[in-house]
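Reader: I would like a close look at the interior of this protein, taken slowly and with the cut-offs spelled out. Please treat the packed nonpolar part and whatever enclosed space is left.

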Amino acid sequence: MAGVQRMHRLRSSAPCRRLVLLAGSIFLLQLGRALKAGSWMPTTFTPLSASAGLAGHAYGPAYGAGGFTGDLHAVGHVPAPQHPAARHGSGVQMNAAPEIVPTPQDFDAYKFVTDFLIALVPAILLELTLLPPGQWLSRKFGFSAKEKNRPYVDRDEKSILQQAPFGFSEWTKHRSNPDRYIKTTLSLLGSPKVLKRLQRPLFFLNVISTVVLFYDTYIVPQGYPSISLPALPFTISSSALGLLLVFRVTGSNNRYVLARGIWGDILNVSRDLNQQASLWAKNHDDFLDFTRWCPAFAASLMVHLRDPARHDLARELKRAGGPPAGAKGDGVGLSEEDIKDILNRPAGFSAPHYVLHRLRTKIGQLGVGQQERLLMEANITRLINDMGACENVLATPIPVGYTKHTTRFLFLWLALLPLALTGDLGVATVFGEQIIAFGLLGIEDVGIQLEEPFAVLPIERITTKTALESQVLRKQSRDGLRRRGPPQDTPLKLETASKDDLEKATAADILTSALNVF
């Protein structure tokens with residue numbers, strides 16, 4: 001039963017259906033061409049009675065080209081041409097068994113099938129690679145690239161992976177030479193994320209190439225007009241197409257770089273606020289409360305900038321407290337009540353905006369001086385600016401008219417390209433079209449993926465780092481306060497200080513006590 005279900009899934013898969021369509025196309029093309037040439041119409045023979053003196057009668061195009069002797073008047077037929085020996089008076093009578101005279105054929109079915117199988121090898125390999133058995137073989141032979149549990153941007157299609165954060169090992173592998181050329185090319189077979197996204201347009205272009213190749217090879221020689229195009233129009237327009245693609249990808253990359261810079265600033269400002277609170281807060285509990293809310297901003301902004309189906313706000317706010325192993329004592333994050341306050345925020349407030357509002361009110365509760373408060377308020381203002389910049393990038397894509405025109409121009413250019421390739425490439429037209437289409441469609445697809453940068457950026461790396469650093473700072477804060485020495489309201493007295501007090505005192509405390517003596 002399990003085997004039947006697997007076969008059913010295999011038959012119902014999109015690549016399998018396309019393979020069947022390709023095979024059916026080959027059969028129908030061959031059938032139509034054969035019927036047109038008349039090669040599938042059998043030659044008919046009508047053997048007549050020997051008593052009529054007829055040896056055989058052949059119908060078809062060969063009738064009258066050579067024939068047999070016999071008395072056709074008995075059956076009402078026109079006399080057939082005599083054998084050459086009879087015409088020379090030899091008296092030889094040809095009363096032999098019926099002989100089949102073949103009809104000339106100008107259609108080679110074997111060559112037809114062979115040519116089109118060779119022409120369709122790239123398309124067939126593409127479809128086989130995307131089938132589950134093809135994926136299994138690719139993984140078995142080591143063609144699959146090892147992915148480090150990278151999440152998908154689109155959960156349904158699973159064709160766009162989120163950008164992985166790089167470390168030293170990733171950079172070493174990234175700049176390896178020349179292995180990176182071979183491994184990257186072979187990984188197309190085992191991890192065909194790009195092929196999955198481009199499968200449908202590539203298949204459509206392959207069908208167009210096949211039809212053009214068939215028409216040019218088998219229909220044009222029958223006297224039909226040729227529909228081939230010269231290469232000059234494609235040469236002239238390729239420059240304009242290249243500029244459109246370059247500007248498209250450059251604009252998307254600029255948005256990606258801008259978003260990455262904004263999130264880098266969010267990380268820096270969050271670190272600065274945590275350190276300012278740890279050094280300037282008068283009350284330790286107020287400091288703990290402030291540093292629990294600070295990483296909540298990055299987590300809530302990430303959820304705000306992405307598809308709601310990808311993240312749950314309550315879960316991300318819990319993760320903003322830091323790793324579960326350290327969530328004890330001062331290392332715990334926001335309480336359940338605080339999380340409910342964010343979820344039930346007033347209408348019109350986004351989650352990150354509400355968190356910033358709460359952070360600004362908590363600065364006043366830290367009891368810091370006027371100058372220190374101005375510095376912390378300036379950091380909150382920077383976070384508000386970063387949030388607005390992210391919302392601006394998300395809400396304003398590259399002009400839609402430019403994107404649509406680039407897509408239309410590219411696809412029409414590729415769809416008409418086989419008309420200019422058949423004369424030079426012949427049966428390799430499909431392969432040439434597929435290589436060119438894969439390269440150009442891939443460039444355009446990279447621009448599509450980068451245009452919405454918050455979906456592909458590894459923002460989780462920033463939120464996790466902010467949560468971890470805040471948790472470590474909260475857990476080490478009490479030890480740090482003890483190392484600072486006695487509170488300011490009970491200054492250290494050198495003449496009465498014990499050995500333990502001197503060990504706990506800092507250099508600033510000792511210097512201040514020494515100045516008080518003098």
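Author: What follows goes through the nonpolar cores, then a buried polar residue, and then a cavity.

This is a predicted model, in which local features need pLDDT of at least 70 and side-chain atom pairs count only at pLDDT 80 or more, while totals for chains, interfaces and linings use all residues. Residues are numbered from 1 along each chain as its sequence is written, and side-chain values use heavy atoms, with hydrogens and water left out.

A nonpolar core is here a set of buried Ala, Val, Leu, Ile, Met, Phe, Trp, Tyr and Cys residues joined through side-chain atoms within 4.5 Å; buried means under 20% relative accessible area, exposed over 50%, and partly exposed in between, with a 1.4 Å probe and protein chains only. The largest such core has 51 residues, and among these W263 and I342 touch the most other members. Several helices (DSSP runs of H or I, at least four residues, numbered from the N terminus) give two or more residues to this core, including helix 10 (232–280), helix 15 (370–395) and helix 20 (459–483). Its largest share, eleven residues, comes from helix 11.

Leaving aside residues up to four places away in sequence, W263 touches A298, L301, M302, L305, C390, F454, I459, I462 and T463, where contact means heavy atoms within 4.5 Å. Of these partners, C390 is buried, at a relative accessible area of 0%, and another cysteine, C294, is buried at 1%. A search of the whole structure nevertheless finds zero disulfides, a disulfide being a pair of cysteine sulfur atoms within 2.5 Å. A second, separate core of 16 residues includes L414, A415, L417 and A420.

A polar residue is also buried: N206, in helix 9, has 2% relative accessibility, and beyond its sequence neighbours up to four places away it touches A123, V430 and Q434.

As for enclosed space, a cavity is, on a 1 Å grid over the protein atoms alone, a set of points where a 1.4 Å probe fits but cannot get out, and lining residues have an atom within 4 Å of a point. The structure holds two cavities of 30 Å³ or more, and the second largest has a volume of about 30 Å³, volume being the space filled by probe spheres set on the points, which are joined across faces, edges and corners. V212, D216, S226, I227, S228, L419 and T422 line this second largest cavity, with helix 9 (193–219) and helix 17 (418–425) each supplying at least two of the lining residues.

Conventions:
On a 1 Å grid over the protein atoms alone, a cavity is a set of points where a 1.4 Å probe fits but cannot get out, and a pocket is an open set with protein on both sides within 12 Å along at least five of seven lines; lining residues have an atom within 4 Å of a point.
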